[in-house]
Amino acid sequence: MKFSQRLVTELKPIWEANHHHPFVQELADGTLDIEKFKFYMVQDYVYLIDYAKLFALGAIKATDLAVEGKFAELLSETLNTEMGLHRAYAKKFGIEEAELENANPTPVTLSYTNYMLSVGQSGGLDKVLVALLPCMWSYNQIGHLLKDTPGAKHPLYSNWVAMYSDDEYTDLTTWTIDLLDEITAGKSEAELKELTEIFKNTTRYEYLFWDMAYNHQDWPKIK
């Protein structure tokens with residue numbers, strides 16, 4: 001069994017919980033409260049700023065020139081395409097670029113990105129991949145699950161579904177999964193268990209991120 005298959009098999013309850021979170025389900029139905037989505041959009045932008053740094057780490061830690069180039073492509077795709085689309089998309093919700101650029105991370109966003117960057121810097125390319133993959137992979141799966149739902153035709157949410165289900169994003173996700181399988185082949189059980197724990201943690205953070213957005217969880221207001 002490939003390592004990627006082992007991950008989703010062992011962590012199936014956590015993995016599927018993300019797909020069935022109320023935020024995702026209401027997005028699929030087209031009934032999600034717009035204020036919840038706006039809160040999500042701002043925090044997702046903040047998240048992407050640090051998420052992109054994982055691709056830079058991937059380029060640094062790559063030992064193959066083609067892999068290094070692909071991570072550079074992923075970095076460019078995130079910074080110049082995904083975040084550009086994010087800014088244009090946010091305007092449809094009345095969110096100006098200045099609000100995105102000046103937003104502060106919530107406790108969940110800050111904890112999630114700090115964890116990924118800490119893990120990514122602590123080891124080799126394998127750790128970078130298991131840190132970043134739950135976000136990319138689950139978004140691609142959710143995008144495909146939502147393609148034939150009312151959310152895919154919603155005047156505001158359809159762009160989100162289209163972005164994460166399109167062929168280009170799917171190809172990048174598949175490449176990343178295949179790379180993880182390639183570099184973990186032949187690793188010891190102890191090494192695979194360590195990588196599984198990281199993947200499990202970032203999958204849990206994905207759930208917390210949906211939960212944060214759905215419940216508008218920010219820093220406590222302290223007088």
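Start by selecting helix H4 (34–61): H4 gives the most to the lining of the largest cavity, with five residues. Keep in mind as you go that this is a predicted model.

Now add the other helices around that space. Helix H5 (65–91), helix H8 (125–145) and helix H10 (167–184) join H4 in each supplying at least two lining residues. The volume they help enclose is about 120 Å³, and a search of the whole structure finds one cavity of 30 Å³ or more. To centre your view, pick Tyr51, Thr78, Glu82, Met136 and Tyr169, the closest to the cavity's centre among the 15 residues that line it. Colour the lining by residue class and you should get 11 nonpolar residues, one polar and three charged.

Next, move to helix H7 (residues 107–122). H7 has 16 residues and spans 22 Å from first C-alpha to last, close to the 22 Å expected at 1.5 Å a residue. Select its buried residues: Val108, Thr109, Tyr112, Thr113, Met116, Leu117, Val119 and Gly120. Turn the view to look down the axis of H7, and these buried residues fall within an arc of 165 degrees, so they line one face of the helix. Show H4, H8 and H11 as well, since they are included in what covers that buried set. On the face turned away from the buried side, look for the exposed residues Gln121 and Ser122.

For the last stop, go to helix H11 (residues 189–215) and click on Thr203. Is Thr203 buried or exposed? With a relative accessible area of 1%, Thr203 is buried. Leaving aside neighbours within four places in sequence, display its contacts: Ile14, Trp15, Asn18 and Pro134.

Definitions and conventions
Residues are numbered from 1 along each chain as its sequence is written. This is a predicted model: local features need pLDDT of at least 70, side-chain atom pairs count only at pLDDT 80 or more; totals for chains, interfaces and linings use all residues. Side-chain values use heavy atoms; hydrogens and water are left out. On a 1 Å grid over the protein atoms alone, a cavity is a set of points where a 1.4 Å probe fits but cannot get out, and a pocket is an open set with protein on both sides within 12 Å along at least five of seven lines; lining residues have an atom within 4 Å of a point. Grid points are joined across faces, edges and corners, and a volume is the space filled by probe spheres set on the points. Helices (H or I, at least four residues) and strands (E, at least two) are DSSP runs, numbered from the N terminus. Ala, Val, Leu, Ile, Met, Phe, Trp, Tyr, Cys and Pro count as nonpolar, Asp, Glu, Lys and Arg as charged, and the others, Gly among them, as polar. Buried means under 20% relative accessible area, exposed over 50%, partly exposed in between (1.4 Å probe, protein chains only). Contact means heavy atoms within 4.5 Å. The expected span of a helix is 1.5 Å times one less than its number of residues. The arc is that of the directions from the helix axis to the C-beta atoms.
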